[in-house]
Amino acid sequence: MREVVIDSEWSGFDHNKDYIIEVCCLEIVDRQLSQKKFHSYVKPPVSLSNEVSENTGIGNKFLSDKPPFAEIVDPLLAFIGDGRLISHGISLELDFLNAELKRLAKPPFLVSDMFDTVTFLREKFPDLPASLDPVSERYELTMPSDQDPGPGYCESDAWLTAQLYLKLCEDFGL
């Protein structure tokens with residue numbers, strides 16, 4: 001079974017007026033993290049606020065030579081393919097992805113099979129904060145020391161989400 005973990009960073013929190021500035025997808029095959037990934041920074045059509053730059057570590061100068069979303073959308077969607085989509089907060093990921101697709105006059109991305117680690121954890125552990133940091137601490141998940149994800153948190157968050165998902169599969173027989 002092929003599954004795809006997705007994480008993205010945005011220029012703000014309103015998918016109707018903000019944009020994806022980084023996206024990362026990792027492939028899981030038969031409950032094993034493969035070496036395949038899709039990762040891209042994206043130059044938005046707006047300047048980032050200082051707050052966004054401080055929160056993500058991604059700045060306007062860094063993004064100035066990156067491709068616009070229109071240039072990465074087809075490889076991104078091809079990478080996702082028909083894999084089961086996994087995310088830590090899937091509704092926001094889909095809201096932003098579909099807002100970007102709408103701006104390009106492309107059809108919405110429809111997902112028939114997905115798993116949201118936030119929703120699952122809220123059902124199992126209502127008192128556990130939904131943020132990936134405390135969840136990672138609870139499950140003792142850390143990035144390997146030999147990996148430098150660079151500016152932003154997208155790649156590390158995708159990796160942590162993948163590890164969390166695999167741990168949940170193991171612990172709960174998913």
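**Exercise 1.** In this predicted model, classify Arg 2 as buried, partly exposed or exposed, and find its salt-bridge partner.

*Solution.*
- Step 1. The relative accessible area of Arg 2 is 27%. Buried needs under 20% and exposed needs over 50%. Arg 2 is therefore partly exposed.
- Step 2. The partner is Glu 27, with the closest N and O atoms 2.6 Å apart.
- Step 3. This pair links distant parts of the chain: Arg 2 sits in strand 1 (residues 2-10), Glu 27 in strand 2 (residues 20-29), 25 residues apart.
- Step 4. Glu 27 has a relative accessible area of 6%, so this residue is buried.

**Exercise 2.** Which elements does the salt bridge between Lys 37 and Glu 155 link?

*Solution.*
- Step 1. The two side chains meet at 2.1 Å, N to O. The cut-off is 4 Å, so the pair counts.
- Step 2. Lys 37 belongs to strand 3 (residues 32-41) and Glu 155 to helix 7, 118 residues apart.
- Step 3. Lys 37 is partly exposed at 43%, whereas Glu 155 is buried at 15%.

**Exercise 3.** How many salt bridges does a search of the whole structure find, and which residues are linked in a network?

*Solution.*
- Step 1. The search finds nine.
- Step 2. Glu 3, Arg 31, Arg 84 and Asp 113 are linked in a network.

**Exercise 4.** Where do Ala 105 and Glu 140 lie, given their positive phi?

*Solution.*
- Step 1. Neither is a glycine; phi is about 60° for Ala 105 and about 55° for Glu 140.
- Step 2. Ala 105 lies in the loop between helix 4 (90-103) and strand 5 (114-116). Glu 140 lies in the loop between helix 6 (132-138) and helix 7 (154-172).
- Step 3. Ala 105 is exposed at 74%, and Glu 140 is exposed at 72%.

Note on methods:
Residues are numbered from 1 along each chain as its sequence is written. This is a predicted model: local features need pLDDT of at least 70, side-chain atom pairs count only at pLDDT 80 or more; totals for chains, interfaces and linings use all residues. Side-chain values use heavy atoms; hydrogens and water are left out. Helices (H or I, at least four residues) and strands (E, at least two) are DSSP runs, numbered from the N terminus. Buried means under 20% relative accessible area, exposed over 50%, partly exposed in between (1.4 Å probe, protein chains only).
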